[in-house]
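This report describes the fold, surface and selected residues of a single protein chain. The sequence and structure are shown first.

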Amino acid sequence: SAPAEKLRCIFEEYRKTNFSRETPNRFKKELFKSVAPSPTATEIDVEGINMLLRNIGHESDCLSRQEQDTLLDEAVGHHDTRSIPVEKVLQLV
């Protein structure tokens with residue numbers, strides 16, 4: 001989806017600039033762990049992605065409600081709940 005591709009590009013650019021020694025997978029795991037409600041959480045609130053974008057200086061790239069819905073639909077098949085499994089986020093981006 002377009003929102004997933006947008007995030008993929010932003011995070012990869014950020015990784016190359018700031019964490020070039022980290023593998024992409026390790027980097028993404030650490031990145032999303034930072035917005036998880038607890039160290040053992042298996043889901044994050046979709047708004048946490050926008051918080052993450054703001055934290056890395058990409059506030060202008062925050063996802064709109066429609067983009068969040070598209071991402072949730074792709075990840076979990078609906079957007080009734082606003083949380084997304086961390087493993088799905090890692091697969092999408």
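## Charge and surface

In counting charges, Lys and Arg are taken as positive and Asp and Glu as negative, while His and the chain ends are left out. On this basis the protein chain carries 13 positive and 16 negative side chains. The centres of the two sets are separated by 6 Å. The coordinates belong to a predicted model.

The accessible surface of the protein chain amounts to about 5,500 Å². Carbon and sulfur atoms contribute 47% of that area.

## Overall fold

Five helices and two strands make up the regular secondary structure of the protein chain. Their order along the sequence is α-α-β-α-α-β-α. The radius of gyration of the protein chain is 12 Å, close to the 12 Å given by the globule rule for 93 residues, so the chain is as compact as a globular protein of that length.

Along the principal axes, the C-alpha atoms occupy a box of roughly 40 × 30 × 20 Å. Of the 93 residues in the protein chain, 39% are buried. When contacts between residues at least 6 apart in sequence are considered, 50% of them link residues at least 24 apart.

## Helix α2 and its cover

Helix α2 spans residues 24-33, and its buried residues are F27, K28, L31 and F32. These residues lie on the same side of α2, because they cover an arc of only 120° around the axis.

Which elements cover the buried residues of α2? The cover includes two helices given as α1 (2-18) and α3 (47-55), together with strand β1 (43-45) and helix α5 (86-92).

## Helix α3 and N50

Within α3, the buried residues are G48, I49, N50, L52 and L53. Their cover includes α1, α2, β1 and α4. After α3 comes G57, which has a positive phi near 85°.

N50 has its place in helix α3. With a relative accessible area of 4%, N50 is buried, since the cut-off for burial is under 20%. Beyond residues up to four places away in sequence, N50 touches C62, L63 and Q68.

## D69 in helix α4

Helix α4 covers residues 65-76 and contains D69. Is D69 buried or exposed? Its relative accessibility is 16%, so D69 counts as buried.

Which residues does D69 contact when its neighbours within four places in sequence are left aside? D69 is in contact with H79 and R82.

## T42 in the loop before β1

T42 is located in the loop between α2 and β1. T42 has a relative accessibility of 60% and therefore counts as exposed, the cut-off being over 50%.

Although exposed, T42 has contacts with residues distant in sequence: I84 is 42 residues away from T42, and the two C-alpha atoms are 8.5 Å apart in space. Apart from its neighbours within four places in sequence, T42 is in contact with I84, P85 and V86.

Conventions
Residues are numbered from 1 along each chain as its sequence is written. This is a predicted model: local features need pLDDT of at least 70, side-chain atom pairs count only at pLDDT 80 or more; totals for chains, interfaces and linings use all residues. Side-chain values use heavy atoms; hydrogens and water are left out. Helices (H or I, at least four residues) and strands (E, at least two) are DSSP runs, numbered from the N terminus. The radius of gyration is taken over C-alpha atoms; the globule rule is 2.2 Å times the number of residues to the power 0.38. Buried means under 20% relative accessible area, exposed over 50%, partly exposed in between (1.4 Å probe, protein chains only). Contact means heavy atoms within 4.5 Å. Accessible areas come from the Shrake-Rupley method with a 1.4 Å probe; for residues, only the protein chains shown count as cover. The place of a charge is taken as NZ of Lys, CZ of Arg, CG of Asp or CD of Glu. The arc is that of the directions from the helix axis to the C-beta atoms.
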